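Got the viewer open? Here is a walk through the model, one selection at a time.

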Amino acid sequence: MLAHVDCTVEKEVCKKFEVRGYPSVKFFSSGTPMEYGGPRTEEGIIGWCIKKTGPSTVDLKTKDAIDKFIADNKVGVVFFGEKG
């Protein structure tokens, strides 16, 4: 779900979520906001949202895929074994 808040109208909401600049993008997970700090481009914002909402697991079938996964993510868990 995507929402737009006009801070000139909804001042209390913006104060509650510590909106200090415009535009601000916040992602909410279990009610907890996470501030977006990446590039202010369509590609940057969409990429960040996809990472936050993408699949919880990814099949890595080659060594190159594992190396890319490690390089692209700050935190990750890699399981070696049979699917169960």
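## Starting at a lysine

Select Lys68 to begin: with a relative accessibility of 51%, this residue counts as exposed, since the label needs a value over 50%. You are looking at a predicted model, so a word on confidence is in order before we move on. The protein averages a pLDDT of 88, and 99% of the residues score at least 70. If you colour by pLDDT, compare the helices: among the elements of the protein, H1 (residues 11-16) has the highest mean, 94, and H2 (residues 42-53) the lowest, 88.

## Along helix H3

Stay on Lys68 and show side chains. Which residue does Lys68 form a salt bridge with? The partner is Asp72, and the closest N and O atoms sit 2.4 Å apart. Both residues belong to helix H3 and are 4 residues apart, so about one helical turn separates them. Asp72 is partly exposed, at a relative accessible area of 38%.

Now go back along the helix to Lys63, in H3 (residues 63-72). Here a salt bridge links Lys63 to Asp67, with 2.8 Å between the closest N and O atoms. The spacing is again 4 residues within H3, so Lys63 and Asp67 are about one helical turn from each other. On the surface side of things, Lys63 is exposed, with a relative accessible area of 61%, while Asp67 counts as partly exposed at 34%.

While you have charged side chains on display, keep a tally in mind: the structure holds 4 salt bridges. One of them is waiting at the strands, and we get there shortly.

## A nonpolar patch

Switch to a surface view and select Ile70, Val78 and Phe80. Together these three make a nonpolar surface patch of about 310 Å². Val78 lies in the segment after H3 and counts as partly exposed, with 31% relative accessibility. That value is enough to admit Val78 to a patch, because patch residues need over 30% relative accessible area.

## The hairpin

Back to cartoon. Select residues 26-29, which are strand E1, and residues 32-35, strand E2: the two run antiparallel and are joined by 4 bridges. For one pairing, click Phe28, whose bridge partner in E2 is Pro33.

How many residues lie between E1 and E2 in the hairpin? There are 2, and in this turn Ser30 has a positive phi of about 55°.

Next, select Lys26 and Glu35. Lys26 forms a salt bridge with Glu35, the closest N and O atoms being 2.6 Å apart. Lys26 is partly exposed, with a relative accessible area of 24%, and Glu35 falls into that class too, at 44%.

From Glu35, draw a distance to Val19, in the loop between H1 and E1. The two are 16 residues apart in sequence, and their C-alpha atoms are 9.4 Å apart in space. Val19 is partly exposed, with a relative accessible area of 23%.

## The cysteines

Now select Cys7, Cys14 and Cys49 and show their sulfurs. Cys7 and Cys14 form a disulfide, with 1.9 Å between the sulfur atoms, and the count for the structure is 1 disulfide. Check the torsion about the S-S bond: it is about -85°, so this disulfide is left-handed. Are Cys7 and Cys14 buried or exposed? Both are buried, which means that each has under 20% relative accessible area.

What about Cys49? This cysteine is in no disulfide; the nearest cysteine sulfur, that of Cys7, is 17 Å away. A disulfide needs the two sulfur atoms within 2.5 Å, so a gap of 17 Å rules the pair out. Cys49 counts as partly exposed, at 29% relative accessibility.

## One last distance

Finish with Glu10, in the segment before H1. Glu10 is partly exposed, with a relative accessible area of 40%. Draw a line from its C-alpha to that of Asp72, the salt-bridge partner of Lys68. Glu10 and Asp72 are 62 residues apart in sequence and 37 Å apart in space. That brings you back to helix H3, where Lys68 and Asp72 sit about one helical turn from each other.

Methods
Residues are numbered from 1 along each chain as its sequence is written. This is a predicted model: local features need pLDDT of at least 70, side-chain atom pairs count only at pLDDT 80 or more; totals for chains, interfaces and linings use all residues. Side-chain values use heavy atoms; hydrogens and water are left out. Buried means under 20% relative accessible area, exposed over 50%, partly exposed in between (1.4 Å probe, protein chains only). Two strands pair if DSSP finds at least two bridges between them. Patches are made of residues with over 30% relative accessible area and no salt bridge: like charges are joined within 9 Å, nonpolar side chains (Val, Leu, Ile, Met, Phe, Trp, Tyr) within 5 Å. Accessible areas come from the Shrake-Rupley method with a 1.4 Å probe; for residues, only the protein chains shown count as cover. pLDDT is the predictor's confidence in each residue, from 0 to 100.
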